[in-house]
Amino acid sequence: MNYKLIDMNIFGDDRGKLISLEGNSNVIPFDIKRVYYIYDTAPDQDRGMHAHKELEQVIVAIDGACQFILDDGKSREKIWLNTPEKGLYIGKNMWREMKHFSYGCKLMVLASTHYDENEYIRDYDTFLKEVND
Ligand code: T46
C-alpha cells in the first residue's frame with residue numbers, strides 16, 4: 001500500500017497551535033506544486049473514485065472528518081482523517097474513495113504536480129489492469 005499517516009510537528013502554547021508544512025521535508029516528501037481545498041461537503045456525497053499515475057499528495061482534515069478507502073489493486077484499507085495533526089500521504093497508483101464527510105469538513109491538499117486530467121484513472125477496471133499488468 002503506497003500511503004502513510006504522517007504525524008505533524010505542532011508548535012503549541014497558550015495562544016493555540018501552529019503547524020508548518022514545507023516541501024521536500026520529512027513531513028511533505030515532495031516539492032509542493034499545487035494546493036487546493038475541499039469544503040461544503042455533505043455526508044451522503046462521496047468523492048474521489050479515481051487513481052493517479054504520477055501525482056503524490058498529502059491531505060489534511062483541517063476541520064471535521066471523512067473516511068478514505070485506499071486500494072492498491074490487491075487489497076483495500078479504510079482510514080479516518082479527523083484531526084489537523086495528521087496528514088495522509090497517498091503515492092502513485094492508489095485508488096481512493098472519500099466517504100462519510102462530516103458537515104463542514106474541510107480538507108487541505110498539497111500536491112506534487114499541477115492539475116492534469118490526463119494522469120487521472122477514473123475507471124476502476126482500467127486501474128486494476130494498469131496496476132496488475
Ligand atoms: C484527490 C482528492 C483528495 C481542477 O480544475 N483543479 C484541481 O486541482 C482539482 C483537484 C480539480 N479540478 C477540477 C476537476 C473537476 O472538474 O475540479 C473538479 C472536481 O475534481 P474531482 O472530481 O477530481 O474532485 P475529488 O474531490 O473527487 O478529488 C480531488 C482530487 O481530484 C484528487 O486528486 O485525490 O480530491
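This passage walks through the ligand site, the nonpolar cores and the start of the chain in a predicted model.

We can begin with the ligand. It is surrounded by 14 residues, and those that come nearest are Arg-34, Arg-47, His-52, Gln-57 and Tyr-120. Sorted by class, this shell contains six nonpolar, four polar and four charged residues. Three strands, β4 (34-38), β5 (47-52) and β10 (95-99), each contribute at least two residues to the shell. Of the elements around the ligand, β5 gives the most, with four residues.

Some side chains place polar atoms beside oxygen atoms of the ligand. For Arg-47, a polar side-chain atom is found 2.6 Å from a ligand oxygen. In the case of His-52, an N or O atom of the side chain lies 2.6 Å from an oxygen atom of the ligand. Arg-122 also takes part, with a polar side-chain atom 3.0 Å from a ligand oxygen. On its own, the ligand has 650 Å² of accessible area, and the protein covers 68% of it.

Next comes the interior of the protein. In soluble globular proteins, nonpolar side chains tend to be buried together. Here, the largest nonpolar core is made of 16 residues. Those with the most contacts inside this core are Ile-59, Phe-68, Leu-70, Leu-88, Ile-90 and Leu-107. Two or more residues of the core come from each of β6 (57-63), β7 (66-71), β8 (76-81), β9 (86-90) and β11 (106-111). Among these elements, β7 gives the most, with three residues.

Ile-90 is a helpful residue to look up in the structure. Setting aside neighbours within four places in sequence, Ile-90 is in contact with Asn-2, Tyr-3, Leu-55, Glu-56, Gln-57, Ile-59, Phe-68, Leu-70 and Arg-96. Apart from the largest core lies another core, of nine residues, including Ile-6, Phe-30, Val-60 and Leu-110.

Finally, the start of the chain can be examined. Met-1 belongs to the segment before β1 (3-7). Is Met-1 buried, partly exposed or exposed? Its relative accessibility is 34%, so Met-1 counts as partly exposed, since that class lies between the limits of under 20% for buried and over 50% for exposed. Not counting residues up to four places away in sequence, Met-1 touches Leu-70, Asp-71, Asp-72, Ser-75, Arg-76, Glu-77 and Met-94. Met-1 and Lys-33 are 32 residues apart along the chain, and their C-alpha atoms are separated by 24 Å.

Note on methods
Residues are numbered from 1 along each chain as its sequence is written. This is a predicted model: local features need pLDDT of at least 70, side-chain atom pairs count only at pLDDT 80 or more; totals for chains, interfaces and linings use all residues. Side-chain values use heavy atoms; hydrogens and water are left out. A residue is near a molecule or strand if one of its heavy atoms lies within 4 Å of it. A polar contact is a pair of N or O atoms within 3.5 Å; within protein, one must be able to donate a hydrogen and the other to accept it, and residues adjacent in sequence count only if both atoms are side-chain atoms. Accessible areas come from the Shrake-Rupley method with a 1.4 Å probe; for residues, only the protein chains shown count as cover. Ala, Val, Leu, Ile, Met, Phe, Trp, Tyr, Cys and Pro count as nonpolar, Asp, Glu, Lys and Arg as charged, and the others, Gly among them, as polar. Buried means under 20% relative accessible area, exposed over 50%, partly exposed in between (1.4 Å probe, protein chains only). Contact means heavy atoms within 4.5 Å. A nonpolar core is a set of buried Ala, Val, Leu, Ile, Met, Phe, Trp, Tyr and Cys residues joined through side-chain atoms within 4.5 Å.
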